[in-house]
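User: I am new to reading protein models. Could you walk me through one, feature by feature?

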Amino acid sequence: LRGDLEMQVPFPFSLLCLQVIKCKAAVMWEANKPFSIEEVEVAPPKAHEVRIKVVATGICRSDDHVITGGLVMPFPIILGHEAAGIVESVGQGVTSIKPGDKVIPLFVPQCGECSSCLSTKGNLCSKNDIGSGAGLMPDGTTRFTCKGKAIHHFIGTSTFTEYTVVHESAVAKIDSAAPLEKVCLIGCGFSTGYGAAVQTAKVEPGSTCAIFGLGGVGLSVVMGCKAAGAARIIAIDINSDKFAKARELGATDCVNPKDFKKPIHEVLIEMTGCGVDYSFEVIGRTETMAAALACCQYNYGVSVIVGVPPATQKITFDPMLLFTGRTWKGSVFGGWKSKDSVPKLVADYMKKKFVLDPLITHTLPFTKINEGFDLLRTGK
């Protein structure tokens with residue numbers, strides 16, 4: 001029916017039925033409080049916007065950083081940024097996506113026009129809302145209302161809701177056969193970690209790598225280092241329960257800093273002789289960022305910051321660490337240009353070039369989102 005109508009009218013069928021949707025969402029009214037499952041109103045998409053039915057969403061430490069104040073965002077807010085869903089409707093001018101398409105929202109958009117999008121060296125589109133934290137759509141307004149109050153968006157995605165609205169530059173169409181409950185991880189965790197290794201650091205065959213933090217992103221770094229041909233992959237975490245999965249995904253050594261009296265960077269230098277070729281900080285703590293830099297080979301080691309840095313905290317380090325030749329880099333969304341790369345990563349998953357199942361520890365109904373965050377905070 002939709003196809004027949006599209007043949008008869010000069011505008012997309014979805015424009016005929018755009019109206020407010022009432023649905024459930026996990027609203028965060030204020031910091032350090034549980035999520036509240038509320039009925040929210042989701043406005044129709046405006047020009048160049050897309051409304052998505054969220055089918056599956058992952059829980060990420062970056063969401064928790066907002067709750068605890070480590071990442072400053074305005075309240076009330078609908079968090080969530082790692083998801084997959086189905087397009088419900090599109091606004092005027094949207095041509096690349098149509099209702100019924102399977103998609104992944106992109107917390108790093110790709111406008112295709114700014115300096116980062118046009119450069120082969122960068123991927124952090126200037127239209128992102130990570131740095132400013134405005135919590136609004138590009139036109140400065142919100143599409144969410146609850147109890148008569150405007151609710152903020154989170155980094156252009158807001159996936160802890162049954163329906164969300166994103167800008168056309170912040171959504172990627174994917175393979176219609178892709179299992180959404182798996183490939184939602186390509187919306188953040190997997191892509192961020194895997195890309196940090198293969199895209200940002202460009203890990204080389206035969207190299208030695210150290211990964212600080214073995215959550216979903218850290219484990220994805222392990223997979224990226226293995227895929228790149230690293231000979232030695234040292235996984236570091238204060239929770240030894242995570243070591244079995246790290247080894248399953250490619251770690252050759254597992255180290256718990258609590259087992260040593262000396263600083264962890266000294267332990268790693270002793271283990272490797274002269275430090276690692278590549279290190280990755282995948283926690284978001286300034287102490288481990290400094291340790292990850294210090295454990296690199298003094299002249300050509302590369303250290304990549306992957307974890308979101310805590311707000312207001314500064315880092316102090318000996319500049320000699322960089323003077324001798326080390327490289328310190330940051331990586332957002334694994335360095336991938338989002339709209340171009342996400343469909344390709346989904347295609348690679350469908351071709352079994354990498355696995356996602358080991359990254360999924362629990363599957364919960366949406367209404368148990370607070371239990372999910374408890375599992376995150378307890379390292380489970």
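Analyst: Let us begin with a salt bridge. The side chains of Lys147 and Glu38 form one, with 3.3 Å from N to O. Keep in mind that this is a predicted model.

User: What is the general idea behind such a pair?

Analyst: Side chains of opposite charge can pair when their charged atoms come close. Here the cut-off is 4 Å between the side-chain nitrogen and the carboxyl oxygen. The Lys147 and Glu38 pair, at 3.3 Å, is a case of this.

User: Where along the chain do Lys147 and Glu38 sit?

Analyst: Lys147 is in the loop between β7 and β8 (149–151). Glu38 is in strand β2 (residues 36–42). They are 109 residues apart, so the pair links distant parts of the chain.

User: Is each partner buried or exposed: first Lys147, then Glu38?

Analyst: Read the relative accessible area. Under 20% means buried, and over 50% means exposed. Lys147 has 63%, so Lys147 counts as exposed. Glu38 has 11%, so Glu38 is buried.

User: Which residue forms a salt bridge with Arg51?

Analyst: Glu88 does, and the closest N and O atoms are 2.6 Å apart. Arg51 lies in strand β3 (residues 49–58) and Glu88 in strand β5, so the salt bridge ties together parts 37 residues apart in sequence. Arg51 is buried, because its relative accessibility is 0%. Glu88 is partly exposed, at 24%.

User: How many salt bridges are there by this rule?

Analyst: The count comes to 16. One of them joins the side chains of Lys98 and Asp101 at 3.1 Å, N to O. Lys98 is partly exposed at 42%, whereas Asp101 is buried at 7%. Salt bridges can also form a network, as they do among Lys46, Glu49, Asp139 and Arg143.

User: How do I read the surroundings of a single residue?

Analyst: Find its element, then its accessibility, then its contacts. Take Val94, in the loop between β5 (82–90) and β6 (102–105). Its relative accessibility is 8%, so Val94 counts as buried. Leaving out residues up to four places away in sequence, Val94 touches His48, Glu49, Val50 and Glu168.

User: What does Asp253 touch?

Analyst: Start with its place: Asp253 is in strand β13 (residues 253–255). At 19% relative accessibility, Asp253 counts as buried. With residues up to four places away in sequence left out, Asp253 touches Arg232, Ile233, Ile234, Ala235 and Met271. The side chains of Asp253 and Arg232 are joined by a polar contact of 3.1 Å.

User: Now the wider view. Which domains does the assignment give?

Analyst: Check the residue ranges, since a domain can be written in separate pieces. Domain 1 is 21–189 + 336–378, and domain 2 is 202–330. Their centres, taken over C-alpha atoms, are 28 Å apart. The contact takes eleven residues from domain 1 and 13 residues from domain 2.

User: What area do domain 1 and domain 2 bury between them?

Analyst: About 890 Å², with 64% of it on carbon and sulfur atoms. On the domain 1 side, Gly189, Pro358 and Leu359 supply 47% of the area buried against domain 2, more than any other three residues.

User: How many salt bridges are counted between domain 1 and domain 2?

Analyst: Zero. One residue pair is in polar contact across the interface. The side of domain 1 that touches domain 2 has five nonpolar, six polar and no charged residues.

Key
Residues are numbered from 1 along each chain as its sequence is written. This is a predicted model: local features need pLDDT of at least 70, side-chain atom pairs count only at pLDDT 80 or more; totals for chains, interfaces and linings use all residues. Side-chain values use heavy atoms; hydrogens and water are left out. Contact means heavy atoms within 4.5 Å. Buried area is the accessible area (1.4 Å probe) that two parts lose on being put together, summed over both. A polar contact is a pair of N or O atoms within 3.5 Å; within protein, one must be able to donate a hydrogen and the other to accept it, and residues adjacent in sequence count only if both atoms are side-chain atoms. Ala, Val, Leu, Ile, Met, Phe, Trp, Tyr, Cys and Pro count as nonpolar, Asp, Glu, Lys and Arg as charged, and the others, Gly among them, as polar. Helices (H or I, at least four residues) and strands (E, at least two) are DSSP runs, numbered from the N terminus. Buried means under 20% relative accessible area, exposed over 50%, partly exposed in between (1.4 Å probe, protein chains only).
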